[in-house]
Amino acid sequence: MALHPDPYRAADRQPDPLQMVQSLESRGRMPSQVRLRRRFLAFAGIRPGWKVVEVGSGSGVVCRDVALVVGEKGRVVGVDPSRVFVREARRLARTSGLGSRLRFEVGDGRRLRFSDGTFDATLAVTVLLHVPDADGLLGEMIRVTRPGGIVAVQDQDFGALALDHPDRALTQRILDGVAKKIYADPWSGRTLFRKLSSLGLESVRLLTDVYQDTTFEPWTRTFLQRRAENAVKWKMVGERDAERWLAGIEARAYAKTFCLTLNFYGVVGLKPGGRTR
Ligand SMILES: C[S@@+](CC[C@H](N)C(=O)[O-])C[C@H]1O[C@@H](n2cnc3c(N)ncnc32)[C@H](O)[C@@H]1O
């Protein structure tokens, strides 16, 4: 069967899933991402001693931060369909010294194996935009959260990706065209507030945050190079235009005027029927 354009739909079938792990880790280490992730976790209101599940845990970047928040008495479970990601997440958790609070297992977020009300909080970070049945995944997250517990999701919104480039029309063609082809919902971020509200969660709150890069980080460079390669592969632009586009980006970086921003929408709601502990 042909591979879907989104590599995160089937990470283990990609040519190099370990490279994807490196990419998740290098994204997770960037100061702007660290700030954004920790701000979201504080906004979610996760507390020491809690039992938390992260759906779509990847290499475990978010789980390791949650493990610090829940402390020694808390427990964190990461669930991901990728065997490679789960294996690497376990290895990285051991290396971080947080292994005893953290567990990773293989599974699809749309069919969680946990009983109703198992967790104090359920999380999904940069996952829903990749999933064709995002409502099904959210329904499962709500099911396994205890009454009064927290459901917290955060997604980028590729309709709110801004890059300062001399050729604006070409920039739009590449960035919008590729995002539309890859993601189940490239504009997922802005839909989350409505989705959590309409699924019956209470006290739904939104925190919009911005990833920003003015130093042209290696992760951003690879991200933009992949966008250009895919735009050529999917015949959205010719090779020459893609090269010209990348050269325009390098010129901004050389002049120290590179600027890219991307909105992240974090939404938190309470499962009805209980009180937060
Ligand atoms: C961009 S990564 C995010 C990983 C991690 N949450 C982070 O922020 O570093 C998206 C993750 O969603 C996972 N994923 C894709 N489809 C999924 C599904 N149906 N259920 C659970 N996870 C899924 C992928 O395997 C991948 O690990």
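Two residues are said to be in contact when heavy atoms of one lie within 4.5 Å of heavy atoms of the other. With that in hand, a good place to enter this predicted model is Val 76, which is found in strand β2. Leaving aside residues up to four places away in sequence, Val 76 touches Val 52, Cys 63, Val 66, Ala 67, Val 70, Arg 101, Leu 102 and Arg 103. A residue counts as buried when its relative accessible area is under 20%; Val 76 has 1% relative accessibility and is therefore buried. Ala 121 is 45 residues away from Val 76 in sequence, and the C-alpha atoms of the two are 9.7 Å apart in space.

The strand that holds Val 76 belongs to a wider arrangement. Seven strands form an open sheet with mixed pairing, and their order across the sheet is β3-β2-β1-β4-β5-β7-β6. At the edges are β3 (102-106) and β6 (202-213), each of which pairs on one side only. On average, and ignoring direction, neighbouring strands of the sheet are turned by 20° against each other. As a general reminder, the strands of a sheet pair through backbone hydrogen bonds, and they may do so in parallel or antiparallel fashion.

Individual pairings can now be followed across the sheet. Strand β1 (residues 51-55) and strand β2 (residues 75-80) run parallel and are joined by five bridges. Within this pairing, Gly 78 of β2 stands opposite Glu 54. Helix α4 (residues 83-96) packs on the sheet, where it touches β2 and β3, and its direction makes about 170° with that of β3.

Strand β1 also pairs with β4: three bridges join these two strands, which run parallel. Here Val 52, already met as a contact of Val 76, has Ala 121 in β4 as its bridge partner. The next pairing is that of β4 with β5, again parallel, with six bridges, and in it Leu 123 stands opposite Ala 152 in β5. How enclosed is β4 by the rest of the structure? Seven of its seven residues are buried, so β4 is largely enclosed.

A helix accompanies these strands as well. Helix α5 (residues 134-144) lies across β1, β4 (119-125) and β5 (145-163), and runs at about 150° to β5. Together, β4, α5 and β5 make a β-α-β unit, and this unit is right-handed.

Helices also meet one another in this model, and two pairs serve as examples. The axes of helix α1 (residues 17-29) and helix α2 (residues 31-44) come within 5 Å and cross at roughly 80°. Angles of 65 to 115 degrees count as roughly perpendicular, so that is how α1 and α2 stand to each other. On the α1 side the contact is made by Arg 27, Gly 28 and Arg 29, and on the α2 side by Pro 31, Gln 33, Val 34 and Arg 37.

For helix α8 (residues 218-233) and helix α9 (residues 239-254), the axes come within 9 Å and cross at roughly 165°. Because angles over 145 degrees count as roughly antiparallel, α8 is described as roughly antiparallel to α9. The crossing of these two helices is right-handed. From α8, the residues Arg 221, Leu 224, Gln 225, Ala 228 and Val 232 meet Glu 239, Ala 242, Trp 245, Leu 246, Ile 249 and Glu 250 of α9.

How values were computed:
Residues are numbered from 1 along each chain as its sequence is written. This is a predicted model: local features need pLDDT of at least 70, side-chain atom pairs count only at pLDDT 80 or more; totals for chains, interfaces and linings use all residues. Side-chain values use heavy atoms; hydrogens and water are left out. Two strands pair if DSSP finds at least two bridges between them. Helices (H or I, at least four residues) and strands (E, at least two) are DSSP runs, numbered from the N terminus. Axes are lines fitted to C-alpha atoms, for helices over the stretch in contact, and angles run from 0 to 180 degrees between N-to-C directions. Buried means under 20% relative accessible area, exposed over 50%, partly exposed in between (1.4 Å probe, protein chains only). A crossover is right-handed if, with the strands pointing away from the viewer, the path from the first strand over the helix to the second runs clockwise. Angles under 35 degrees count as roughly parallel, over 145 as roughly antiparallel, 65 to 115 as roughly perpendicular and the rest as oblique. A crossing is left-handed if the near helix is turned anticlockwise from the far one by less than a right angle, and right-handed if clockwise.
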